[in-house]
Amino acid sequence: MKNKKSLVFITLLLVMAIALSACSSGGSENTNASSDGDIVIAHAGPMTGDSAQFGDMKNKAIQLAIDEVNEKGGINGKKVVLLTGDDTSNPKEAPNVAQKFAQDDRVLAVIGHWNSSCTLAARGIYNAAGIPLLADSVNKALTDGTTPTAYRISLTDTTQAQSLAKYAYEKLGKRRAAILYTANDFGTGLMEDFGKAFEELGGEIVATETYFEGQSKDFSPQLTKIKGTNPDLLFIAGYYVETALIAQQSKELGLDVQMLGTEGISSEELIKLGGDAVEGIIFAGFFHPDIEYPGTREFVEAFRERYGKDPDTYAALAYDSAKLILAAIEQNGASREGIMKFLDEVEDFPGVAGPISFDENHDVVRNIVVLTVKDGKIVPAAEQAD
Amino acid sequence: MFLEQLSNGIALGSLYALTAVGYTMVYGIIRLINFAHGDIYMMGAFFTYTAIVYFNLPLVPSFIIGMACAALLGVLIAKFAYTPVFKAPKINLFLCAIGMAIFLENFAMLLWGPETQSFPTIIQNQIYTFGGLKFTKLQAVILLISIFLALVLSYIVKKTKIGRAMRCASQDMVAARLMGINTNKIVFITFALGSALGAAAGTLVAMYYKAVYPMMGFSAGLKAFVAAVIGGIGSITGAMFGGLIMGVVESLGAAYISSGYRDAIAFIILIIILLFKPTGLFGKTVKEKV
Amino acid sequence: MGNLIDVLIKLSIATVILYFVIKILSKGFDKITDMIVAMDKEKNRKLIYLIVGILLVLPFLLSRYPYILRTSIMAIMYVVLALSLNFVLGFAGQLSMGHAAFYGIGAYVTALLMVNFNVPFLLAFIASAIVAGIFGFLLGVPTLRLKGDYLAITTIGFGEILRLVLVNWVEVTRGPAGIPGIPSPSFFGFTINNNIGYYYIILLLAFFTVFVSNRLLNSRLGQGFIAVRDDEIAAEAMGINSTYLKILAFVLGAAIAGMAGSFFATFVHYVNPDNFTYMESVTILCMVVLGGLGSIPGVILGAIVLTVLPEALRGIALYRYAIYGLLLILMMINRPGGMINMDRLKGGRKDENSRGSRSNKVLRRSYSSR
């Protein structure tokens, strides 16, 4: 008797809740102020949670690109609208965001996700729906050919790590490298590829230590240990917040060694957080305001004026992604296929971070820019990678 | 190398100890694992940061403002979120605390933005060596402040009238009320004190790492909780020792075992200690009344 | 900082709305509960058939809305997870906060077996349940000595240690990059590769879990559970082997969570340590308590609401989790027994003052009774 009652209940509630979910998702779509004729592109990335700062920068840059087009009257008289989906850096949430966009016929292309894990979790859904995905995640598995709608606008971790290893060995003349990496797919990938490349060139990896992005604040045990191995180079495979802290703490611990960073630290915030300690650090980037391509200066100025800070690498790449998509729509019309056709064919598209073309794997073809911090400013290094 | 790692551990441990003291104090009186403590710690750091950066106040007044605002916040939380559930089952209070933690994190994100803000450098770092142990000025300040605050707290709890009322309330809330103690007031005072301590810890940690960000309370709160449990939750001395033990074990573990398993080491120590002494190192065994 | 007033106003409005919604829904829930309690057997059976029927045809109705179908699948998966935690928390009264660990173990076992050894899904599924169950046993035995808060922190520790193992044991788990490319399950030559298929698999698992929960609750064992939860010492005095029961609860809960994990791995085709964090355990815990501790329909409803709500709130992006936190607090204040109160469902107390009436020494020791 009691069983029956609760069973009735359960089933009743299941139905109710599903009905509720149907209403709510129907309802929330209406809240996005867009009418039928609008052109919709989407950004999926971390807007809350540990990595929210990166998603925030990207969103700002994409919004800027879209507003620029809308100010000029839109594309063929149609307004462009941005939909933002928050994946909270969580690979569990990412597919939900993806499915929401995939179901929405108006969404023509998606920019994101920022975390490789999120992109990997969501890419299948975009692929099934035939939505072009422009990601700046670096994990090499992303463009392994199983999901042809995915394009990557940043270099893979492998390419970046190889360039950095070569630069460290040949240009800086370093032989004994210690690695401190963040324990996520980004850090692990870079750590492995850098180590391999550096050892192939003839160098030696003397220590490999790890930490957790967004949680670790104290690096003294790792740094003390690294100090004991006497390296001549410290490669930090992580993002700017932790890199700034690592720089400060290694200074306090008396570890005085050339530091090498990744594209993940090329942000003004590095200097704000790191102060004097990050002076002289060398790192990879895909973008620098002083390395001017057509439109770079205008972009930097517009961004600065609107948001009161300098755009970072991710912002620049997100801006370029948006520009690419908008140009594709202008040329091939508002369809998902049209955008992909454009991306396949595009050659040397003038991006603010350099000309963009994609290879047969849908990876972008570009070189790293070697940057350094000098007198409290990020400047291009005197010697660039070949 | 060992001595260096030991000093790293003590420095880290004093940060944990400082946070754990506030945690354990609230627990001692109300028997509530205040999951929001880490986030009050974060809010405290942000209050001080705001006073310094937005209102250009000097450090000491900002520090006091930070602690006062956090104390006020603690009382508000106790009043509007916790006291209404005191009569309900304990798990409800527990969930309220979790809800408050989630709320505060996101509230801070809405107000100050998600990015890490740099905390202005105020105390210039100078390195001292003391019998092979190396520490910076700020580390010394933090250790001294933690000990000082723990002493003040012990004094309040053990010697003052309010402290006696607190201990009374912690033993039996109903009996305390029957004895004419305003238990509501005691709860609020406890929360105010605990939150002010949390804010002090948050601010010092922010100064130490020169960074404030909305998620900073999450792992700090968890670590402080672990430290408090290792020491025997409810015991102020225990929290100090628990924090120090954890800092040292973590540093040595990261150095000699693996930096990837660093956080696991803290938890393994916790589980081992709890299995042999289920109430922590300094905890009192409470006989269950049947 | 400049938007202080704006943020406060929006949050206040949200609080007021939530407050009234909860008040109104509370009334509604109580009404429905009473109605169903009052219903006779025949009507009951008809209603069950009707609802099961609707659930069975639902995916075809939703096939044009893949997002809703996907959300439904996730919701049902969380129903399974929440019910599995309910064994430990609601039945045996043990505050376990590391439940995501078992879910993660299940997911990883399936992922590793299917990707590395091409094991068929059914075998991997069973292996997941067994391995997770073994871990449940391993956690259950030593933690028997611990009570309440100490148990909570130990289980948190267990969850964190497991996550760190997943991250650091790169040779086996492939570390933080996770395991991509988990194949779709196939049964007797039919490969399930669309969401409708997944819907039926998870629905089947949910029915199974509800069935087990229901049978257990109304059996001798279940009565033993309730006795242990309400007063362990008295229960032991009555000859109930509380040790055995508690461990059984842990093993059963872990095994079912492992099955859910196994499903998740094949559904998303990708597992990653970030899926199984402490926050995930907390989410499952919230579902159980918010729905109504120990009450099966309540837990189900809790799981559905807490899965659907964050999705429904996507429209307000940044305020989403702030409101989620507020909801938890307001619910606990206004409806401490959860959405569907166990007592009321049993046709028991109908008055509002039934809060904290039962005197479980672990979960239900309240502030006033100390």
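Visitor: Over how many bridges do strand E6 (residues 176–182) of chain A and E8(A) pair in the parallel sense?

Guide: Quick warning first: this is a predicted model, where local features need pLDDT of at least 70 and side-chain atom pairs count only at pLDDT 80 or more, while totals for chains, interfaces and linings use all residues. Residues are numbered from 1 along each chain as its sequence is written, and chains are lettered from A and ligands numbered from 1 in the order in which they are written. Helices (H or I, at least four residues) and strands (E, at least two) are DSSP runs numbered from the N terminus, and two strands pair if DSSP finds at least two bridges between them. A:Ala177 stands opposite A:Leu233 in E8(A), and the parallel pairing of E6(A) with E8(A) has a bridge count of 5.

Visitor: And in E9(A), which residue is the bridge partner of A:Ile236?

Guide: E8(A) also pairs in the parallel sense with strand E9 (residues 258–261) of chain A, over 4 bridges. Look across from A:Ile236 into E9(A) and you land on A:Gly261.

Visitor: Which helix makes a right-handed β-α-β unit with E8(A) and E9(A)?

Guide: Right-handed here is a matter of viewpoint: with the strands pointing away from the viewer, the path from the first strand over the helix to the second runs clockwise. E8(A) and E9(A) make such a unit with residues 240–252 of chain A, helix H8.

Visitor: How many residues of strand E8 of chain A are buried?

Guide: Buried means 20 or more other C-beta atoms within 10 Å of a residue's own, exposed means 12 or fewer, and partly exposed is in between, with C-beta atoms placed from the backbone. On one side of E8(A), A:Leu233, A:Phe235 and A:Ala237 are buried, and on the other A:Leu234 and A:Ile236 are too. The buried count for strand E8 (residues 233–237) is 5 of 5.

Visitor: Zooming out, which strands stand at the edges of that sheet in chain A?

Guide: It's an open sheet of 7 strands with mixed pairing, in the order E7-E6-E8-E9-E10-E11-E12. Neighbouring strands are turned by 25° against each other on average, direction ignored. Two strands have a single partner each, so one side of each is left without a neighbour in the sheet: E7 (204–211) and E12 (377–380).

Visitor: Which residue of E11(A) does A:Phe283 stand opposite?

Guide: Strand E10 (residues 282–285) and strand E11 (residues 369–374) of chain A run antiparallel and are joined by 4 bridges. Facing A:Phe283 from E11(A) is A:Leu371.

Visitor: Any backbone oddities in chain A? What is the phi of A:His362?

Guide: A:His362 is in the loop between helix H12 (336–345) and E11 of chain A. It counts as buried, with 23 C-beta neighbours inside 10 Å. Although A:His362 is not a glycine, its phi is positive, at about 75°.

Visitor: Which residue does a cis peptide bond join to A:Gly112?

Guide: The partner is found in the loop between strand E3 (107–112) and helix H4 (116–129) of chain A. With omega at about -10°, the cis bond joins A:Gly112 to A:His113.

Visitor: Over in chain C, at what angle do the axes of helix H3 and helix H12 cross, roughly?

Guide: Axes are lines fitted to C-alpha atoms, for helices over the stretch in contact, and angles run from 0 to 180 degrees between N-to-C directions. H3(C) and H12(C) are roughly perpendicular, on a scale where under 35 degrees is roughly parallel, over 145 roughly antiparallel, 65 to 115 roughly perpendicular and the rest oblique. The axes of H3 (residues 66–91) and H12 (residues 278–291) come within 9 Å and cross at roughly 75°.

Visitor: How far apart in space are C:Ala249 and C:Phe91, C-alpha to C-alpha?

Guide: C:Ala249 is in helix H11 of chain C and is buried, with 27 other C-beta atoms within 10 Å. Residues it touches (C-beta atoms, placed from the backbone, within 7 Å) include C:Phe87, C:Phe91 and C:Phe225. C:Ala249 and C:Phe91 are 158 residues apart in sequence, yet their C-alpha distance is 7.7 Å.

Visitor: Last one: which helix gives the most to the side of chain B that touches chain A?

Guide: 25 residues of chain B are in contact with 27 residues of chain A. The elements giving two or more residues to the chain B side are H1 (2–30), H4 (90–112) and H10 (236–256). With 4 residues, the one that gives the most is H1(B).

Key:
Two residues are in contact if their C-beta atoms, placed from the backbone, lie within 7 Å. Lists of a residue's contacts leave out its neighbours within four places in sequence.
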